[in-house]
Amino acid sequence: NAGTEADVYISVHGERGDTGSRQLLRSQKQKKFLKGQTDIFALEAVHLGHLYKLVIGHNGLGSGNGWFLDKVVIKDPVTDLDYTFLCHRWLDQGQDDGNIARELTVADASMFPGRQELELRRKETWAAEKWKFQEGNTLQFYNRLTRGFICLHPDSRVDALGDKKNKYGKVFFVWIYT
């Protein structure tokens, strides 16, 4: 359910102006905005110079209108440059922060390709997993090689023996395979 049937709009901004809001109508694919699919659109506009941001969103209409957008790549045919705008978020009134439009800035070209994507995924993973590290929780890491546990206690103590039964009650197991 990461695709959308809603009407999607984009506005591209560069050093010489912007395109205004444009609906993305004709993809090179038969059905557009499906989960896991890359859609390609031709967008006619005056040359905007170096691009720095875009605004993308949908009208929220249609069944299953929520949409998970990974990224947008714009290829400038004049300069032959690619501009990458990372999103990796939901555009859905019932998911994430409830917004159906996002303002995205161009990814820093000086970073190796994928570094910002990796950083976004790291932040997303931490957001999903940080509850384990809340006050009062004890973490136990199991080492398959030694068949022993290491406990990280709420008071910052580390117990290399890692007794499975402890007074904290909340124990999370993390298996690390190497």
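**Two buried residues and a pocket**

His-13 comes out as buried, because its relative accessibility is 14% and the cut-off for that label is under 20%. The model here is a predicted one, and His-13 sits in its strand β1. Setting aside residues up to four places away in sequence, His-13 touches Asp-18 along with a run made up of Leu-51, Tyr-52, Lys-53, Leu-54 and Val-55. With Val-55, the separation along the chain is 42 residues, yet the C-alpha atoms of His-13 and Val-55 lie just 8.3 Å apart.

Zooming out, the fold has eleven strands and one helix. Going along the sequence, the order is β-β-β-β-β-β-β-α-β-β-β-β. Of the 178 residues, 29% are buried. Among contacts with a separation of 6 or more, 51% link residues 24 or more positions apart. As for the surface, about 12,300 Å² is exposed, and 52% of that comes from carbon and sulfur atoms.

Next up is Arg-102, which belongs to strand β7, spanning residues 101-105. Is Arg-102 buried or exposed? Arg-102 is buried, since its relative accessible area is 7%, and anything under 20% goes in that class. The side chain of Arg-102 gets to within 2.6 Å of a backbone oxygen, the one on Trp-90. Trp-90 also turns up in the contact list of Arg-102, which leaves out neighbours within four places in sequence. That list includes Leu-54, Val-55 and Ile-56, then Cys-87, Arg-89 and Leu-91, and also two aspartates, Asp-96 and Asp-97. Leu-54 and Val-55 are on the list for His-13 too. Looking further back along the chain, Ile-10 is 92 residues away from Arg-102 in sequence, with 9.7 Å between their C-alpha atoms.

That leaves the empty space. Rolling a water-sized probe over the atoms reveals where such space remains. The largest pocket has a volume of about 1,100 Å³. Its lining counts 36 residues, and those closest to the centre are Asp-39, Phe-41, Val-72, Val-73 and Ile-74. Three elements each give two or more residues to this lining: β1 (8-14), β4 (51-58) and β5 (67-76). Which of them supplies the largest share? That would be β5, with ten residues. Sorted by class, the lining of the largest pocket has 23 nonpolar residues, seven polar ones and six charged ones. Strand β1, one of the contributors to the lining, is also where His-13 is found.

Definitions and conventions. Residues are numbered from 1 along each chain as its sequence is written. This is a predicted model: local features need pLDDT of at least 70, side-chain atom pairs count only at pLDDT 80 or more; totals for chains, interfaces and linings use all residues. Side-chain values use heavy atoms; hydrogens and water are left out. Helices (H or I, at least four residues) and strands (E, at least two) are DSSP runs, numbered from the N terminus. Buried means under 20% relative accessible area, exposed over 50%, partly exposed in between (1.4 Å probe, protein chains only). Contact means heavy atoms within 4.5 Å. A polar contact is a pair of N or O atoms within 3.5 Å; within protein, one must be able to donate a hydrogen and the other to accept it, and residues adjacent in sequence count only if both atoms are side-chain atoms. Accessible areas come from the Shrake-Rupley method with a 1.4 Å probe; for residues, only the protein chains shown count as cover. On a 1 Å grid over the protein atoms alone, a cavity is a set of points where a 1.4 Å probe fits but cannot get out, and a pocket is an open set with protein on both sides within 12 Å along at least five of seven lines; lining residues have an atom within 4 Å of a point. Grid points are joined across faces, edges and corners, and a volume is the space filled by probe spheres set on the points. Ala, Val, Leu, Ile, Met, Phe, Trp, Tyr, Cys and Pro count as nonpolar, Asp, Glu, Lys and Arg as charged, and the others, Gly among them, as polar.
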